[in-house]
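Trainee: I would like to go through this structure with you and learn how each label is earned. Could we take the labels one at a time?

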Amino acid sequence: MTQMPVPTPIKTPCVQVCFVDPKAQLCVGCFRTLEELGRWTRYSDDERAAVMAALPQREAAYAAARKTARD
């Protein structure tokens, strides 16, 4: 009997806080776009890595925009 290989889990920035800001069109939990959320499992490892590299900048821009809107 042969065993099936255990698939490597797909890396994800999901923090299980799923709320899309309609104005920013970003999930405020992980900062992915709607397209990225929908296609995440079909992206290649390189595509996912590129998105994940962009997330800290998106989060900072989102926080700055919210701060400016409050001031």
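Trainee: To begin, is cysteine 27 buried or exposed, and how do you know?

Mentor: Bear in mind throughout that this is a predicted model. Cysteine 27 has a relative accessible area of 4%, and since buried means under 20%, cysteine 27 is called buried.

Trainee: Why is cysteine 27 not counted in a disulfide?

Mentor: The closest cysteine sulfur to that of cysteine 27 belongs to cysteine 30, at 3.8 Å, whereas a disulfide needs the two sulfur atoms within 2.5 Å, so the pair is too far apart for a bond.

Trainee: What about cysteine 18: is it buried or exposed, and how far is its sulfur from the closest cysteine sulfur?

Mentor: Cysteine 18 has a relative accessible area of 67%, and because exposed means over 50%, cysteine 18 is exposed. Its sulfur lies 4.6 Å from that of cysteine 14, the closest one, which is again too far for a bond. By this rule the number of disulfides comes to zero.

Trainee: What makes a group of residues the largest nonpolar core here, and which residues belong to it?

Mentor: The residues have to be buried, of a nonpolar kind, and joined through side-chain atoms within 4.5 Å. The largest such set holds seven residues, namely Leu26, Phe31, Trp40, Tyr43, Val51, Leu55 and Tyr62. Helix H2, residues 45–70, gives the most to this core, with three residues.

Trainee: Which residues touch valine 51, if its neighbours within four places in sequence are left aside?

Mentor: Valine 51 is in contact with Arg32, Glu36, Trp40, Tyr43 and Arg58, and of these Trp40 and Tyr43 are also listed in the core.

Trainee: Which residues of H2 are called buried, and what covers them?

Mentor: The buried residues of H2 are Arg48, Val51, Leu55 and Tyr62, and what covers them includes strand S1, residues 20–21, and helix H1, residues 34–39.

Trainee: How does the length of H2 compare with what is expected, and where does H2 bend?

Mentor: H2 has 26 residues and spans 38 Å from its first C-alpha to its last, close to the 38 Å expected at 1.5 Å a residue. There is nevertheless a bend of about 35° at leucine 55, with proline 56 following within four residues.

Trainee: What makes arginine 58 and glutamate 36 a salt bridge?

Mentor: Their closest N and O atoms are 2.6 Å apart, and because the cut-off is 4 Å, the pair counts as a salt bridge. It links distant parts of the chain, with arginine 58 in helix H2 and glutamate 36 in helix H1, 22 residues apart. At 8% relative accessibility glutamate 36 counts as buried, while arginine 58, at 22%, counts as partly exposed.

Trainee: How do you know that arginine 48 and aspartate 45 form a salt bridge, and where do they lie?

Mentor: Their closest N and O atoms are 2.5 Å apart, which is within the 4 Å that a salt bridge allows. Both residues lie in helix H2, three residues apart, about one turn of the helix. Arginine 48 has a relative accessibility of 7% and counts as buried, whereas aspartate 45, at 57%, is exposed.

Trainee: Which residue meets lysine 67 in a salt bridge, and how many salt bridges does the whole structure have?

Mentor: Lysine 67 meets aspartate 71, with 3.2 Å from N to O, and a search of the whole structure finds four salt bridges. Lysine 67 counts as partly exposed at 48% relative accessibility, and aspartate 71 counts as exposed at 71%.

Trainee: Lastly, what is notable about the phi of glutamine 16 and of glutamine 25?

Mentor: Most residues other than glycine have a negative phi. Glutamine 16, in the segment before S1, has a positive phi of about 60° although it is not a glycine. Glutamine 25, in the loop between S1 and strand S2, likewise has a positive phi, near 60°. At 72% relative accessibility glutamine 16 counts as exposed, and glutamine 25, at 38%, counts as partly exposed.

Note on methods. Residues are numbered from 1 along each chain as its sequence is written. This is a predicted model: local features need pLDDT of at least 70, side-chain atom pairs count only at pLDDT 80 or more; totals for chains, interfaces and linings use all residues. Side-chain values use heavy atoms; hydrogens and water are left out. Buried means under 20% relative accessible area, exposed over 50%, partly exposed in between (1.4 Å probe, protein chains only). Helices (H or I, at least four residues) and strands (E, at least two) are DSSP runs, numbered from the N terminus. Contact means heavy atoms within 4.5 Å. The expected span of a helix is 1.5 Å times one less than its number of residues. The bend at a residue is the angle between axes fitted to the seven residues ending there and the seven starting there. A salt bridge is a side-chain nitrogen of Lys or Arg within 4 Å of a carboxyl oxygen of Asp or Glu.
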